[in-house]
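Student: Hey, got a minute to walk through this model with me? I'd like to get my bearings first.
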Amino acid sequence: YVFAHARKGDGEDVAGASMLFFGDTMLGRGVEDAIESKTDLFAGIRGPEGNFLKGYDAIALNLEGAIASDVCGAGSDELLVQSDNLEFLVREHISHAGVKNNHFLKCEREVSESIIENSGLESLSDFSVVKGTGHDIAVMSVYAAPVSSDTTSIVNEVRSYSNTYENLVVNIHWGVEYSTEPTKAQTELAHDIIDAGADVIIGHHPHVVQTVEDYNDGLIVYS
């Protein structure tokens, strides 16, 4: 929550941009059963006044699962997302779905991204720009699970975007599932990404909360 106070005088228009990130989000497995039973999936997230998911320029999450379609979905993938269930995200003001992960790519990428866009969401694919009030947020999405021994291309891409955009977030799928600490390779890559000009790193994939690091004027949320 953000708390404000009032003071006398004329108001000022302050340029800025706000973006809320969630981590790994599943609409398959038991979540699909909860949807079918009419369970309110966001009851514990909205807050008592129902305002926690309001007022942002964008709200993003990492969508853990491929999108079922006419050309994909005949298998037994328990993480498969039924396209109709995407409306539960849109209804709660979720605006962007991250798709650079190992689950989403199990189905045809172009078809799945088209389904997402038609649902009212936007895909956080390789690169996106979120429009704010006077400021834009550039979001570069990366799949790095595991982290490669050669991360030069990732770092060079970050440097290129940082030279063009004032505010750059790197949205990265990495790490070890259910580990509460990042690996040495993650930490080294994170530092290189910040040194290359990124402002914030948002990580996901471990399915648990990991450490947050303040490094060289940048913020690293490992998971």
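Tutor: Sure. One term before we start: helices and strands here are DSSP runs, numbered from the N terminus, with at least four residues for a helix and at least two for a strand. Also keep in mind that this is a predicted model.

Student: OK, so where does Lys38 lie?
Tutor: Lys38 is in the loop that runs between α1 (29-36) and β2 (58-63).

Student: And what is phi of Lys38 near?
Tutor: Phi is near 65 degrees for Lys38, a positive value in a residue other than glycine.

Student: Any odd peptide bonds? Which residues does a cis peptide bond join?
Tutor: Ala145 and Pro146 are joined by a cis peptide bond, with omega at about 5 degrees. Pro146 sits in the loop between β6 (136-144) and α4.

Student: Since you mention α4, at what angle do α4 and α5 pack?
Tutor: Helix α4 (residues 152-162) packs with helix α5 (residues 184-195) at about 25 degrees, and their axes are 8 Å apart. Angles under 35 degrees count as roughly parallel, so α4 is roughly parallel to α5. The crossing of α4 past α5 is right-handed.

Student: Which residues meet there?
Tutor: From α4 you have Ile154, Val155 and Val158, and they meet Leu189, Asp192 and Ile193 of α5. By class, that contact has 5 nonpolar residues, 1 charged and no polar.

Student: Switching topic: how much space lies in the largest pocket?
Tutor: About 230 Å³.

Student: What lines the largest pocket?
Tutor: The lining includes Met19, Leu20, Phe21, His135 and Asn167. β1 (19-25) and β8 (200-204) each supply at least two of the lining residues, and β1 gives the largest share, 3 residues.

Student: How do the lining residues divide by class?
Tutor: They come out as 8 nonpolar, 3 polar and no charged.

Notes:
Residues are numbered from 1 along each chain as its sequence is written. This is a predicted model: local features need pLDDT of at least 70, side-chain atom pairs count only at pLDDT 80 or more; totals for chains, interfaces and linings use all residues. Side-chain values use heavy atoms; hydrogens and water are left out. Axes are lines fitted to C-alpha atoms, for helices over the stretch in contact, and angles run from 0 to 180 degrees between N-to-C directions. Angles under 35 degrees count as roughly parallel, over 145 as roughly antiparallel, 65 to 115 as roughly perpendicular and the rest as oblique. A crossing is left-handed if the near helix is turned anticlockwise from the far one by less than a right angle, and right-handed if clockwise. Contact means heavy atoms within 4.5 Å. Ala, Val, Leu, Ile, Met, Phe, Trp, Tyr, Cys and Pro count as nonpolar, Asp, Glu, Lys and Arg as charged, and the others, Gly among them, as polar. On a 1 Å grid over the protein atoms alone, a cavity is a set of points where a 1.4 Å probe fits but cannot get out, and a pocket is an open set with protein on both sides within 12 Å along at least five of seven lines; lining residues have an atom within 4 Å of a point. Grid points are joined across faces, edges and corners, and a volume is the space filled by probe spheres set on the points.
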